[in-house]
Amino acid sequence: GAARVELMGDFTDWQPVPLAADGADWSVTLALAPGSHHVNLRIDGGPWLVPPGLATVSDEFFGAVGLLVVE
């Protein structure tokens with residue numbers, strides 16, 4: 001029942017990017033370079049969270065981010 005979902009990561013220079021709703025699914029298309037990337041999600045302006053299904057790693061500020069590996 002989310003009204004807004006945003007993603008941010010090292011590949012967006014940590015700037016929030018809105019996802020588009022398609023029924024119960026949310027998506028965004030971004031060109032990502034191969035390698036490891038850090039990413040988080042925010043739902044309806046709440047706290048930034050590790051996306052479900054991604055490994056959790058610590059960032060340089062001792063917070064938690066998701067680890068996304070692009071091959």
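Contact here means heavy atoms within 4.5 Å. The model described is a predicted one.

The chain is built from strands. It has 7 strands and 0 helices. Along the sequence, the pattern reads β-β-β-β-β-β-β. The chain is as compact as a globular protein of its length, because its radius of gyration of 12 Å is close to the 11 Å that the globule rule gives for 71 residues. Along the principal axes, the C-alpha atoms fill a box of roughly 30 × 25 × 20 Å.

Burial and surface were computed for the whole chain. Of the 71 residues, 24% are buried. The exposed area of the chain is about 4,800 Å². Carbon and sulfur atoms supply 57% of that area. Contacts were also sorted by separation in sequence. Among those between residues at least 6 apart, 51% join residues at least 24 apart.

Five of the strands belong to a sheet. This sheet of 5 strands is open, and its pairing is antiparallel. The strand order is 2-1-5-7-6. Strand 2 (17-18) and strand 6 (55-58) form the edges, each pairing on one side only.

Pairing at the two edges can be described bridge by bridge. At one edge, strand 2 pairs with strand 1 (residues 5-9) in the antiparallel sense, over 2 bridges. Leu-7 has Val-17, in strand 2, as its bridge partner. At the other edge, strand 6 and strand 7 (residues 64-70) run antiparallel and are joined by 4 bridges. Here Ala-55 has Leu-67, in strand 7, as its bridge partner. Strand 6 and strand 7 also form a hairpin, with 5 residues between the strands. In this hairpin, Phe-62 takes a positive phi near 65 degrees.

Strand 5 lies between strand 1 and strand 7 in the sheet order 2-1-5-7-6. It spans residues 35-43 and includes Arg-42. Arg-42 has a relative accessibility of 19% and therefore counts as buried, since buried means under 20%. Leaving aside residues up to four places away in sequence, Arg-42 touches Arg-4, Val-5, Glu-6, Pro-16, Pro-47 and Trp-48. One of these, Val-5, falls within strand 1, which covers residues 5-9. Glu-6 is another contact of Arg-42, and the range of strand 1 takes in this residue too.

Methods
Residues numbered from 1 in each chain as written. Predicted model: local features only at pLDDT ≥ 70, side-chain atom pairs only at ≥ 80, totals over all residues. Heavy atoms only, no water. Buried < 20%, exposed > 50% of the residue type's maximum accessible area, 1.4 Å probe, protein only. Rg over C-alpha atoms; globule rule 2.2 N^0.38 Å. Areas by Shrake-Rupley, 256 points an atom, 1.4 Å probe, with all protein chains shown as cover. Pairing = 2+ DSSP bridges.
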